[in-house]
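Here are a few short exercises to work through with the model open beside you. Try each task before reading its solution.

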Amino acid sequence: MEAKVVLQSRTPTGTSSRGVNKQRCSPVRAVLARPAESVVGSGTKERLMLKLKPADSKREVAQDSSSVHNDNWFDLWAINYLSQSLQAATGVKSMLSGYESLVETTAMMSKKFNTKTQQELVIQVLDTAIPKLILNMIKTLLPQCQFTREYFAAFTTVFFAWLIGPSEVRESELNGRREKNVVYVKKCRFLEQSNCVGMCINLCKMPSQAFIKDSLGMPLNMVPNFDDMSCEMIFGQDPPTPNDDPVLKQPCYKLCRANQQHTVKSSG
């Protein structure tokens, strides 16, 4: 797939403190059950059309170097729950099980729906997975501050390895101080298995940023590196607008699973 709006690939770099307000942190240690959404835009609606199709670039994935994941009972439960929830919301059906079922379900979604609808469906599934009362409680008890950003990062590495693969917490500079608010994923499991830039953007990055921002009040900038399949999740940093986000201008892999055109319409 090749991007109609083509940007240079970028490797995850340092983080920016732009747009992050200092707040006093609540001392309450609440149990965080899930990520929140991020805003893909500020009030005015912009439409960004991004077409992805098999690219002429030489970017390709080495199929013989796939990572091995030994899922435990919790991992399998979480994977199947997400896969079945997406199937119920979209009407698609996968006869596979485990992570293969999740990848097949999202691949069918990418072919059946336009990109705007894909993002909305993922947000809908995430929204219904956790009661609003719990989401509002987390948002109230854990206002954005250093403790909350570091808590979100640590929680993600522990409880979402089944989805994104092994990860670690890293430091960045925010508001003039160093804090551990970045999750570094060495090789994203979803990107590796889907092998599709469009699926990464529309079924993971964009809806996750929006959900975490809107539901939990936490800005999140997800910065995938399509060359080595790593990713940085930077809590407390607003993502670029669609027109300025380099990720939305990347060509896809030659061996893309979806192998089709995608149209991205986002609010900016």
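## Exercise 1: a helix pair

In this predicted model, helix 1 (residues 73-90) packs against helix 2 (residues 98-112) with an angle of about 25 degrees and axes 8 Å apart. Classify the orientation of helix 1 relative to helix 2, give the handedness of the crossing, and describe the contact by residue class.

**Solution**

Step 1. Angles under 35 degrees count as roughly parallel, so at about 25 degrees helix 1 is roughly parallel to helix 2.

Step 2. The crossing of helix 1 past helix 2 is left-handed.

Step 3. Now list who takes part. Helix 1 contributes Ile79, Asn80, Leu82, Ser83, Leu86, Gln87 and Thr90. From helix 2 come Gly98, Tyr99, Ser101, Leu102, Thr105, Thr106, Met109 and Lys112.

Step 4. Sorted by class, this contact holds six nonpolar, eight polar and one charged residues.

## Exercise 2: the largest nonpolar core

Find which residues have the most contacts inside the largest nonpolar core, and which element supplies its largest share. Then pick out the neighbours of Phe235.

**Solution**

Step 1. The core has 52 residues, and Phe226, Met233 and Phe235 have the most contacts inside it.

Step 2. Helix 8 (residues 197-216) provides the largest share of this core, with 10 residues.

Step 3. Leaving aside residues up to four places away in sequence, Phe235 touches Arg149, Phe152, Ala153, Thr156, Leu174, Asn181, Val183, Ile212, Met218, Pro219 and Leu220.

## Exercise 3: two asparagines with positive phi

Locate Asn175 and Asn195, then decide for each whether the residue is buried, partly exposed or exposed.

**Solution**

Step 1. Most residues other than glycine have a negative phi. Asn175, although not a glycine, has a positive phi of about 55 degrees, and Asn195 also has a positive phi of about 55 degrees.

Step 2. Asn175 sits in the loop between strand 1 (167-174) and strand 2 (177-185). Asn195 lies in the loop between helix 7 (189-194) and helix 8.

Step 3. Buried means under 20% relative accessible area. Asn175, at 22%, is therefore partly exposed, while Asn195, at 5%, is buried.

## Exercise 4: Val158

Is Val158 buried or exposed, and how far is its C-alpha atom from that of Glu168?

**Solution**

Step 1. Val158 belongs to helix 5 (residues 146-159).

Step 2. The cut-off for exposed is over 50%; with a relative accessible area of 57%, Val158 is exposed.

Step 3. Val158 and Glu168 are 10 residues apart along the chain, and their C-alpha atoms are separated by 9.0 Å.

Technical notes:
Residues numbered from 1 in each chain as written. Predicted model: local features only at pLDDT ≥ 70, side-chain atom pairs only at ≥ 80, totals over all residues. Heavy atoms only, no water. Core = buried A, V, L, I, M, F, W, Y, C linked by side-chain atoms within 4.5 Å. Buried < 20%, exposed > 50% of the residue type's maximum accessible area, 1.4 Å probe, protein only. Helix = DSSP H or I, 4+ residues; strand = E, 2+ residues; numbered from the N terminus. Contact = heavy atoms within 4.5 Å. Axes fitted to C-alpha atoms, helices over the stretch in contact; angles between N-to-C directions. Parallel < 35°, antiparallel > 145°, perpendicular 65-115°, else oblique. Left-handed = near helix turned anticlockwise from the far one by under 90°. Nonpolar A, V, L, I, M, F, W, Y, C, P; charged D, E, K, R; others polar.
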